[in-house]
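Reader: Please show me the model, and then let me ask how its labels are justified.

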Amino acid sequence: MSRRAKTKQELVESIQLSYQDLIKKYSGLSPEQMVWPGSMGDWSVKDILAHLVDWEQRFINWYHAGIDGKTPETPARGYTWRELPRLNQSGYENHKDDPLEDVLQQSQTSYREIFNLIQGMSEEEIFEINYYTWTGRSPLLHWIAGNTSSHYVWARRNIRTTVIRKGCPGK
């Protein structure tokens with residue numbers, strides 16, 4: 001999707017569309033359905049949204065560190081890329097008890113923050129390989145897509161509304 005974007009405008013549109021599709025996917029669910037563990041293993045829709053916020057904020061922090069000439073610890077301090085399941089589980093544990101209303105608010109706020117950040121970027125910094133040393137041999141585009149549009153598509157696929165509606169008691 002946006003990993004194939006050739007312009008900033010294509011990237012921005014891809015992010016917007018994938019985020020809108022994600023919201024449409026869960027917009028008809030009740031609060032009880034939003035917190036029912038069973039959309040993706042033990043994760044609820046709320047947990048999936050909290051996961052997205054974690055990764056959006058992680059990217060924002062990486063980006064600001066890169067602007068400051070620092071090399072951010074990716075994916076996170078104390079974790080390697082091979083330990084993503086453990087990192088994601090840690091994020092789940094940290095947010096599983098957060099109230100739905102808080103997660104929904106954080107989701108909207110984080111999306112606006114990352115979207116505005118991307119809109120302020122130049123085409124050159126998005127598409128040029130080695131523009132930031134911390135991105136390695138990948139353009140920033142891949143890091144952006146992995147934490148926005150591609151991640152929103154992943155989340156949308158994992159929000160199984162049919163399973164939720166059938167399985168959640170007290171619909």
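Author: About 9100 Å² of the chain is exposed, with carbon and sulfur atoms supplying 49% of that area; accessible areas come from the Shrake-Rupley method with a 1.4 Å probe, and for residues only the protein chains shown count as cover. This is a predicted model: local features need pLDDT of at least 70, side-chain atom pairs count only at pLDDT 80 or more, and totals for chains, interfaces and linings use all residues. Residues are numbered from 1 along each chain as its sequence is written, and side-chain values use heavy atoms, with hydrogens and water left out.

Reader: Why does Trp62 count as buried?

Author: Buried means under 20% relative accessible area, exposed over 50%, partly exposed in between (1.4 Å probe, protein chains only). Trp62 has 3% relative accessibility, so Trp62 counts as buried. Trp143, at 14%, is buried as well.

Reader: What makes Trp62 and Trp143 an aromatic pair, and of which kind?

Author: Rings of Phe, Tyr and Trp (its six-membered ring) pair if their centres lie within 6.5 Å; planes under 30 degrees apart count as stacked, over 60 as edge-to-face and the rest as tilted. The count by this rule is 15 aromatic pairs. For Trp62 and Trp143 the centres are 5.3 Å apart and the planes at 90°, an edge-to-face pair.

Reader: Why is the pair of Tyr63 and Tyr132 called edge-to-face?

Author: Their ring centres lie 5.8 Å apart and their planes stand at 75°, so the pair is edge-to-face. Both Tyr63 and Tyr132 are buried.
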